[in-house]
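Here is a short briefing to read alongside the model. Take a look at the fold first, and then follow the notes by topic.

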Amino acid sequence: MDAPLARLVELQRLELKTRGLEEEIDSVPAELAAASDRLEAASKQAEAAKRAQERAVKQRREQELELKSLEDRLRRHAEQLMSVKTNEEYRALTNELAHERQRVSEIEDRILSAMEEADRLAAEASSAEAQVRQAESELGTDKGRLEAKRERLGRDRDALVAEAAALAAQLPEPLLGLYRKLAVVRGGVALAAIVDESCSACRLRIRPQVLSQLRSSDSVIQCESCQRILHFESETTGESA
Ligand SMILES: [Zn+2]
């Protein structure tokens, strides 16, 4: 087994794993923002429900005032009825009273349905409030959970970075330099395993003489197509990232 190459394979495995952790760490703020968004949406809904409820209460008060003034008029007209002098006056006042009684009954109906509506709105507002409290508590939990996740991932990443640095320090500089250069242009994947006598990255078939050269010597051979450093699968540690 070519020791530097095996180390390089391990280095790439560590660095790809580090990269994966970095991506996970970077996604934490978005997860937190999603929890904040849920709370904000719930708050807006609760606010709207509360305003609707307040409007309904205000409307009912106005209707109650209207009812009261109508009832006062009704009472005055009923008293006036006692002292009318002519039939004509009597008829006019009786008509007026009938009309006012009709209005009273209409307003009473409206107040009744407004009360039902107010009950419905109050239930809606309180359920919206409950949702806000739920979203708040979820946000609190999520914050704690995501902070812990970020810390854990950060520690894992630091450990990997340290491990990779120790490993890199053992590699010959030209090989490490080549690896770094290829990693930059090949999305972090500078090495390619040979699978079925082909480059596993670009599928180029490896010539038999290259294969035997790779088997017999410790030379570094790059894929003729994608330039990645070739290695046999057996040289991986077998552990997957
Ligand atoms: Zn290739």
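Along the sequence, the protein chain follows the pattern α-α-α-β-β-α-β, which comes to 4 helices and 3 strands. Helices (H or I, at least four residues) and strands (E, at least two) are DSSP runs, numbered from the N terminus. This is a predicted model: local features need pLDDT of at least 70, side-chain atom pairs count only at pLDDT 80 or more, and totals for chains, interfaces and linings use all residues. Residues are numbered from 1 along each chain as its sequence is written.

**Overall shape**
- The radius of gyration of the protein chain, taken over C-alpha atoms, is 41 Å, well over the 18 Å that the globule rule (2.2 Å times the number of residues to the power 0.38) gives for 241 residues, so the chain is more spread out than a compact globule.
- Taken along the principal axes, the C-alpha atoms fill a box of roughly 135 × 35 × 25 Å.
- Buried residues (20 or more other C-beta atoms within 10 Å of their own; exposed means 12 or fewer, and partly exposed lies in between, with C-beta atoms placed from the backbone) make up 12% of the 241 residues.
- Of the contacts with a separation of 6 or more, 77% come from residues 24 or more positions apart; a contact means C-beta atoms, placed from the backbone, within 7 Å.

**Domains**
- The chain is divided into domain 1 (13-169) and domain 2 (173-235), with bounds that come from an automatic or database domain assignment.
- Their C-alpha centres lie 63 Å apart.

**Helices**
- Helix α1 covers residues 3-82 and contains E31.
- E31 is partly exposed, because it has 15 other C-beta atoms within 10 Å.
- The C-alpha atoms of E31 and D142 are separated by 8.5 Å, although these residues are 111 residues apart along the chain.
- With 13 residues, α3 reaches 19 Å from its first C-alpha to its last, close to the 18 Å expected at 1.5 Å a residue (1.5 Å times one less than its number of residues).
- G187, just after α3, takes a positive phi of about 60°.

**The sheet**
- The 3 strands make an open sheet in the order β2-β1-β3, with mixed pairing; two strands pair if DSSP finds at least two bridges between them.
- The edge strands, each pairing on one side only, are β2 (198-199) and β3 (229-232).
- Strand β1 (residues 191-195) runs antiparallel to β2, joined by 2 bridges: I194 partners C199, and V195 partners S198.
- These two strands, β1 and β2, form a hairpin with 2 residues between them, and D196 in the turn has a positive phi of about 50°.
- On the other side, β1 and β3 pair in the parallel sense over 4 bridges, with A192 standing opposite L230.

**Nonpolar cores**
- The largest nonpolar core (buried Ala, Val, Leu, Ile, Met, Phe, Trp, Tyr and Cys residues joined through C-beta atoms within 7 Å) has 17 residues, and those with the most contacts inside it are L8, L191, A192, C199 and L230.
- The elements giving two or more residues to this core are α1, α3 (173-185) and β1, and α1 gives the most, with 6 residues.
- This core draws at least three residues from each of domain 1 and domain 2.
- Leaving out residues up to four places away in sequence, L191 touches L8, V9, Q12, R228, I229 and H231.
- A second, separate core of 6 residues includes L39, A46, A125 and A135.

Notes
Two residues are in contact if their C-beta atoms, placed from the backbone, lie within 7 Å.
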